[in-house]
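Good morning, everyone, and thank you for making the time. Please have a look at the sequence and the structure while I talk.

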Amino acid sequence: KVLIVEDNMIIALDAESFLTDLGAEAVVTTSSNAQAIRAMDETAFDFALLDVNLGSETSTPVAARLTRDGIPFVFATGYGEMRDLSDLFPSSPVVQKPYDREALARAIAKI
């Protein structure tokens, strides 16, 4: 079971397709921290893909919760936050947007 946190619907649909191709059995997509936290309260996820920038917020609260719960995740960003994210969440790879299925697979293989 995979959680996607992404505020751009087109990117979310592509990500869902990539993750299904890579073996995800179920994918839940949310577009905000509040929605993601509610989804985590209701579902035991095995993995998450987090867009860093969600409009007026970042997904770091979700990343902190996933870390606390021991759930691996990958960040996706179109900006230059890679270094800061690596400092805060060193075990979570970052994929640069736009990414494709192979880039996502390489990032997942690192966790």
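I will begin with the chain as a whole and then turn to a few residues.

Before anything else, please keep in mind that what you see is a predicted model, and that the values I quote have been computed from it.

The protein chain has five helices and seven strands, and if you read along the sequence you will find them in the pattern β-α-β-α-β-β-β-α-β-α-β-α. The radius of gyration is 12 Å, close to the 13 Å that the globule rule gives for 111 residues, so the protein chain is as compact as a globular protein of that length. If you prefer to think in terms of dimensions, the C-alpha trace spans about 30 × 30 × 25 Å along its principal axes.

How much of the chain is buried? Buried residues account for 42% of the 111 residues, while the accessible surface amounts to about 6,000 Å², with 52% of that surface belonging to carbon and sulfur atoms. Turning to contacts, and taking those with a separation of 6 or more, 61% are made by residues that stand 24 or more positions apart. As for charge, the chain carries 9 positive and 17 negative charges, and the mean positions of these two sets are 4 Å apart.

Let me now move to individual residues, starting with Asp-51, which has its place in strand S3, residues 47-51. Is Asp-51 buried or exposed? Its relative accessible area is 4%, and because anything under 20% counts as buried, Asp-51 is buried. The side chain of Asp-51 reaches the backbone nitrogen of Asn-53 at 3.5 Å. If we leave aside the neighbours within four places in sequence, Asp-51 is in contact with Val-5, Glu-6, Asp-7, Ser-59, Ala-76 and Lys-97.

Lys-97, the last of those partners, brings me to the next feature, since a cis peptide bond joins Lys-97 and Pro-98, with omega at about -5°. Pro-98 itself lies in the loop between S7 and H5, and at 81% relative accessibility Pro-98 counts as exposed. Between the C-alpha atoms of Pro-98 and Ile-11, which are 87 residues apart along the chain, the separation is 8.6 Å.

A second buried residue is Ser-92, with a relative accessible area of 6%, and you will find Ser-92 in the loop between helix H4, residues 82-88, and strand S7, residues 94-96. Which residues does Ser-92 touch, once its neighbours within four places in sequence are left aside? The contacts of Ser-92 are then with Phe-73 and Phe-75, and in the case of Phe-73 the backbone oxygen lies 3.4 Å from a polar atom of the Ser-92 side chain.

Finally, let me take you to Ala-109, which is found in helix H5, residues 101-109. With a relative accessibility of 64%, Ala-109 counts as exposed. The C-alpha atoms of Ala-109 and Thr-20 are separated by 15 Å, and these two residues are 89 residues apart along the chain.

To gather up the residues I have described, Asp-51 is buried and Ser-92 is buried, whereas Pro-98 counts as exposed and Ala-109 counts as exposed. Thank you for listening.

Conventions:
Residues numbered from 1 in each chain as written. Predicted model: local features only at pLDDT ≥ 70, side-chain atom pairs only at ≥ 80, totals over all residues. Heavy atoms only, no water. Helix = DSSP H or I, 4+ residues; strand = E, 2+ residues; numbered from the N terminus. Rg over C-alpha atoms; globule rule 2.2 N^0.38 Å. Buried < 20%, exposed > 50% of the residue type's maximum accessible area, 1.4 Å probe, protein only. Contact = heavy atoms within 4.5 Å. Areas by Shrake-Rupley, 256 points an atom, 1.4 Å probe, with all protein chains shown as cover. Lys, Arg positive; Asp, Glu negative; His and termini not counted. Charge placed at Lys NZ, Arg CZ, Asp CG, Glu CD. Polar contact = N/O pair within 3.5 Å; in protein donor to acceptor, adjacent residues only side chain to side chain.
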